[in-house]
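These are my notebook entries on a structure that I had not examined before. I set out to look up its strands, its helices and a few single residues.

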Amino acid sequence: MKTNIKSNQKIQASAIALMNLVLFFSNSENISAQNTSGIIGVDHVGINVPDFKTAMPFFTEVLGFVPVTQLGPIPLDAAWKEQNRINANTGALTIKMINAGTGASIEIFEYANNKGSLTNPNTDDIGASHIAFYTADINASVKYLKSKGVKVLGEPFTTPSGDTAGESWVYFETPWGSKMELVSYPNGKGYQKGNPKTILWSPKDEVAKSKPNVTDTATSKLLIEHHLEIWNEKDAVKRAALMGSTYAANIEMVDRHFIATGNDEIAGFVAKLQHQNPDFRFTAKSVEAHHNIVRLYWQFGSKTKPSTVTGMDLFVIENNKVQKLYVFVDETK
């Protein structure tokens with residue numbers, strides 16, 4: 001009996017070791033690919049249009065995009081056509097690159113005397129694709145598109161739950177029948193509420209970054225008050241609620257000994273600090289605000305010795321929440 005148990009344990013241990021080895025090499029391959037491919041991100045999206053006379057007014061006058069560069073007409077030789085699966089009798093190619101606001105550019109192709117298919121693929125066809133444009137107000141954008149005679153496919157739908165909870169979207173058609181999308185999630189998506197390590201890129205975040213962050217003094221002081229409440233609050237539920245309204249979901253706290261990312265990691269550090277110093281509290285000595293940068297000079301200690309530890313926190317505020325927190329602790333005298 002004991003022999004069988006030991007044998008089973010060895011088999012289980014071997015299986016676990018083998019699984020870990022597989023995972024190790026699998027992860028190593030992914031990391032290697034990321035490090036060696038040299039790919040940084042999406043530069044542009046290319047689409048074919050029947051002709052520029054139809055496409056350009058839609059992109060410029062309806063969507064408000066700006067054409068920047070043009071290449072061609074370029075005669076295509078037989079070898080190029082064969083290599084790139086272009087019909088032998090199709091004519092020259094002209095390419096325009098369009099600045100599509102915040103995000104990747106759109107590259108549009110016009111083939112003269114096109115002998116390829118002139119029918120748009122069905123939604124479920126292999127190779128079918130669409131471009132999604134972000135809008136802060138999807139209903140207003142739908143109303144605008146309809147006023148321009150654009151065919152909108154139904155009404156905006158808001159995802160009620162799951163990873164994309166809070167996201168609204170609707171499809172529309174270009175004058176030549178290609179399908180495109182409007183999408184909006186001004187309050188974020190469901191998966192972001194769980195403090196994920198990876199946040200999907202969004203035009204709305206880039207726009208927010210490009211705007212000067214100017215926070216009024218009253219808002220700055222209120223955030224600092226809430227910050228102190230967070231670090232003094234011993235009830236985990238109340239602390240979490242305060243953190244959600246005060247800190248950005250992907251807040252980064254930089255201390256001389258460690259970096260904490262997100263509310264969960266910071267909450268864990270606060271709880272540990274309170275456990276080690278049950279009678280201590282944080283109090284403000286002074287606060288200085290300049291646009292979206294705030295300095296808090298603080299002290300931490302008991303009622304009888306409130307300044308046992310002193311230091312300074314530097315805050316970077318974006319969209320009325322603390323995005324960065326740099327902690328400086330004074331050296332013990």
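In which sense do strand 6 and strand 7 pair, and over how many bridges? I looked this up and found an antiparallel pairing over five bridges between strand 6, residues 151–158, and strand 7. I note here that the model is a predicted one.

**Entry 1. Strands 6, 7 and 8**

Within the pairing of strand 6 and strand 7, I found Phe157 opposite Trp169 of strand 7. I then followed strand 7, residues 168–173, along its length and saw its side chains alternate. Ser168, Val170 and Phe172 point to one face and are buried. Trp169, Tyr171 and Glu173 point to the other face and are not buried. I recalled that side chains in a regular strand alternate between the two faces of the sheet.

Next I looked up the link from strand 7 to strand 8, residues 179–184. These two strands run antiparallel and are joined by six bridges. Phe172, which is buried, stands opposite Met180 of strand 8. Strand 7 and strand 8 form a hairpin with five residues between the strands, and Gly177 there takes a positive phi near 95 degrees.

**Entry 2. Thr159**

Is Thr159 buried or exposed? I located Thr159 in the loop between strand 6 and strand 7. Its relative accessible area is 13%, under the 20% limit, so I entered Thr159 as buried. Leaving aside residues up to four places away in sequence, I found that Thr159 touches Thr164, Ala165, Gly166, Glu167 and Trp169. Trp169 is also the residue that Phe157 stands opposite.

**Entry 3. Strands 1, 3 and 4**

I turned to strand 4, residues 105–111. Six of its seven residues are buried, and strand 4 is therefore largely enclosed by the rest of the structure. Strand 1, residues 44–48, runs parallel to strand 4 and is joined to it by five bridges. I found that Val45 has Ile106 of strand 4 as its bridge partner.

Strand 3, residues 93–99, pairs with strand 4 in the antiparallel sense, over six bridges. Here Leu93 stands opposite Tyr111 of strand 4. I noted that strand 4 thus has a parallel pairing with strand 1 and an antiparallel one with strand 3. Both arrangements occur in sheets, whose strands pair through backbone hydrogen bonds.

**Entry 4. Gly101**

Strand 3 and strand 4 form a hairpin with five residues between them, and Gly101 in the turn has a positive phi of about 80 degrees. How accessible is Gly101? The relative accessibility of Gly101 is 46%, so I recorded this residue as partly exposed. I also looked up its distance from Leu63: the two are 38 residues apart in sequence, and their C-alpha atoms are 9.7 Å apart in space.

**Entry 5. The six-stranded sheet**

I then traced an open sheet of six strands, in the order 10-9-14-13-12-11, with mixed pairing. Strand 10 (259–261) and strand 11 (281–290) stand at the edges with a single partner strand each, so one side of each has no neighbour in the sheet. On average, neighbouring strands of this sheet are turned by 20 degrees against each other, direction ignored.

For the edge at strand 10, I looked up the pairing with strand 9, residues 247–254. The two run antiparallel and are joined by three bridges. Glu252 has Thr261 of strand 10 as its bridge partner.

**Entry 6. Helices on the sheet**

Which strands does helix 6 touch? Helix 6, residues 217–232, packs on the sheet and touches strand 9, strand 11, strand 12 (293–301), strand 13 (309–318) and strand 14 (321–329). The direction of helix 6 makes about 160 degrees with that of strand 11. Helix 7, residues 236–246, lies across strand 9 and strand 14 and runs at about 95 degrees to strand 9.

I looked up the two helices together. Their axes come within 9 Å and cross at roughly 155 degrees. Helix 6 and helix 7 are therefore roughly antiparallel to each other, and their crossing is left-handed. Helix 6 makes the contact with Leu223, His226, His227, Glu229 and Ile230, and helix 7 with Arg239, Leu242, Met243 and Thr246. These residues divide into four nonpolar, three polar and two charged.

**Entry 7. The whole protein**

Finally, I recorded that the protein has eight helices and 14 strands. Of its 333 residues, 32% count as buried.

Notes
Residues numbered from 1 in each chain as written. Predicted model: local features only at pLDDT ≥ 70, side-chain atom pairs only at ≥ 80, totals over all residues. Heavy atoms only, no water. Pairing = 2+ DSSP bridges. Helix = DSSP H or I, 4+ residues; strand = E, 2+ residues; numbered from the N terminus. Axes fitted to C-alpha atoms, helices over the stretch in contact; angles between N-to-C directions. Contact = heavy atoms within 4.5 Å. Parallel < 35°, antiparallel > 145°, perpendicular 65-115°, else oblique. Left-handed = near helix turned anticlockwise from the far one by under 90°. Nonpolar A, V, L, I, M, F, W, Y, C, P; charged D, E, K, R; others polar. Buried < 20%, exposed > 50% of the residue type's maximum accessible area, 1.4 Å probe, protein only.
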